[in-house]
Amino acid sequence: MNQDRTPFRIEYQPIITMETGQLDGFEALVRWIHPEQGLISPSEFIPLAEDTDLILELGEWVLKNACRQVQQWRQNRPYQALNIAVNISGRQLLKPDFACEVSEILQDLGLNPSSLTLEITESIALESFQETVGALNQLRANGIQIAIDDFGTGYSCLSRLHSFGASSLKIDRAFISQMGDTGERSEIVEAIIAVAHSLKMRVVAEGIETVGQLDRLRALDCDWGQGYYFSRSLPSSAVDELLKKAPN
Ligand code: C2E
Ligand code: CA
Ligand code: CA
Ligand code: CA
């Protein structure tokens with residue numbers, strides 16, 4: 001896809017290290033700018049693209065461009081190793097040679113594989129279990145990080161997910177909003193964090209919207225946070241500005 005003519009755009013949502021409050025990196029979120037209808041949410045078009053091989057082309061475009069973008073930010077800020085997380089569909093993951101393609105993209109850019117996290121949802125991870133485990137093993141062998149996305153929305157058990165060798169788990173926004181604005185109903189989140197940590201996985205809380213939720217998640221030792229409380233997803237030009245202003 002030609003960068004200038006594509007109707008797609010990538011936005012970047014900051015991911016914050018809970019302990020320090022510092023920027024750890026970004027999640028790349030694709031947007032479709034339709035000539036008549038304006039901005040169309042990925043929740044509307046990704047499932048359609050996933051029904052066809054279109055998702056392969058779109059997914060590769062997002063991966064390449066998000067990696068290129070973060071590498072540029074890293075070069076402008078050599079003292080800060082910004083990371084990038086990219087969403088991957090099942091069809092992409094199970095494409096033969098996917099792991100090689102990812103490594104090639106990273107090599108061409110000179111981006112360290114450990115800076116890239118691929119986010120996969122628990123549902124795709126369970127569709128073709130053996131193939132998925134194989135593909136994830138290859139990616140991990142090449143140094144790439146794996147995150148289980150939208151954790152808690154499927155019906156998978158943690159021990160099965162553990163065989164994916166993911167380094168982190170993202171707690172779905174639904175559980176964070178369930179905590180309430182002050183974070184008072186946090187039992188489920190607390191349990192997820194405890195089990196994840198006991199399996200040596202780190203935890204990202206998505207959809208943090210209030211300081212009460214943030215404080216509670218900090219107290220529960222959640223590793224990273226993401227949500228409107230910190231920032232919505234931003235076009236790359238807005239991230240440029242943000243990085244210029246940030247002291248480090
Ligand atoms: P996701 O991976 O769970 O991404 C998080 C979604 O939550 C994003 O929606 C983000 O904008 C939204 N969000 C983040 N913080 C908050 C918050 O504090 N409050 C609320 N209410 N929402 C928040 P978005 O950008 O509409 O993306 C929807 C989904 O589309 C993503 O869910 C992901 O599954 C999928 N998606 C996005 N980009 C890609 C892509 O490049 N490839 C694939 N395969 N899927 C993608
Ligand atoms: Ca995600
Ligand atoms: Ca998610
Ligand atoms: Ca979600």
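Ala, Val, Leu, Ile, Met, Phe, Trp, Tyr, Cys and Pro count here as nonpolar, Asp, Glu, Lys and Arg as charged, and the others, Gly among them, as polar. The structure treated below is a predicted model.

**Exercise 1. The largest pocket**

Describe the largest pocket by its volume, its central residues, the elements that line it and the classes of its lining residues.

Solution.
Step 1. The volume of the largest pocket is about 1100 Å³.
Step 2. Its lining consists of 37 residues, and E27, L29, P42, S43 and N87 are the closest to the centre.
Step 3. Elements that supply two or more lining residues are strand 2 (23-34), helix 1 (42-50), helix 2 (54-76), strand 4 (83-87), strand 5 (116-121), strand 6 (145-151) and helix 8 (173-178).
Step 4. Sorted by class, the lining holds 14 nonpolar, twelve polar and eleven charged residues.

**Exercise 2. The second largest pocket**

Give the same kind of description for the second largest pocket.

Solution.
Step 1. The second largest pocket holds about 280 Å³ of space.
Step 2. It is lined by 19 residues, of which D24, N83, T117, S168 and W224 are the closest to its centre.
Step 3. Two or more lining residues come from each of strand 2, strand 4, strand 5, strand 6, strand 7 (168-171) and strand 8 (202-205).
Step 4. The classes are seven nonpolar, eight polar and four charged residues.

**Exercise 3. The nonpolar core**

Which residues have the most contacts inside the largest nonpolar core, and which element gives the largest share of this core?

Solution.
Step 1. The largest nonpolar core has 71 residues, and V86, L116, L118, L139 and L217 have the most contacts inside it.
Step 2. Helix 2 contributes the largest share of this core, with ten residues.
Step 3. Take L116 as an example. With neighbours within four places in sequence left aside, its contacts are L63, C67, I84, V86, V102, L106, I144 and Q145.
Step 4. As background, nonpolar side chains tend to be buried together in soluble globular proteins.

**Exercise 4. The calcium ions**

Identify the donors of the calcium ion (ligand 3) and of the calcium ion (ligand 4), and find the residues that bridge calcium ions.

Solution.
Step 1. The calcium ion (ligand 3) is coordinated by an OD atom of D149, an OD atom of D150 and two OE entries of E206, at 2.2 to 2.7 Å. Along the sequence these donor residues are spaced D-D-x55-E.
Step 2. D149 bridges the calcium ion (ligand 3) and the calcium ion (ligand 2), which are 3.7 Å apart.
Step 3. The calcium ion (ligand 4) has D150 (OD), D172 (OD) and E206 (OE) as donors, at 2.6 to 2.9 Å. Their spacing along the chain is D-x21-D-x33-E.
Step 4. The bridge between the calcium ion (ligand 4) and the calcium ion (ligand 3), 3.4 Å apart, is D150. Because D150 lies in strand 6 and D172 in the loop between strand 7 and helix 8, the pair ties together parts that are 22 residues apart in sequence.

**Exercise 5. Accessibility and backbone angles**

Are D149, D150, D172 and D221 buried, partly exposed or exposed? Where do D150 and D221, each with a positive phi, lie?

Solution.
Step 1. The cut-offs are under 20% relative accessible area for buried and over 50% for exposed, with partly exposed in between.
Step 2. D149, at 6%, is therefore buried. D172, at 12%, is buried. D150, at 23%, is partly exposed, and D221, at 52%, is exposed.
Step 3. D150, in strand 6, has a phi near 55°, a positive value in a residue other than glycine.
Step 4. D221, in the loop between helix 10 (211-219) and strand 9 (224-225), has a positive phi of about 70° and is not a glycine.

Definitions and conventions: Residues numbered from 1 in each chain as written. Chains lettered and ligands numbered in written order. Predicted model: local features only at pLDDT ≥ 70, side-chain atom pairs only at ≥ 80, totals over all residues. Heavy atoms only, no water. 1 Å grid on protein atoms, 1.4 Å probe; cavity = no way out; pocket = protein on both sides within 12 Å on 5 of 7 lines; lining within 4 Å. Points joined across faces, edges and corners; volume = space filled by probe spheres on them. Helix = DSSP H or I, 4+ residues; strand = E, 2+ residues; numbered from the N terminus. Core = buried A, V, L, I, M, F, W, Y, C linked by side-chain atoms within 4.5 Å. Buried < 20%, exposed > 50% of the residue type's maximum accessible area, 1.4 Å probe, protein only. Contact = heavy atoms within 4.5 Å. Donors = N, O, S within 2.8 Å, 3.2 Å for Na, K, Ca; no water.
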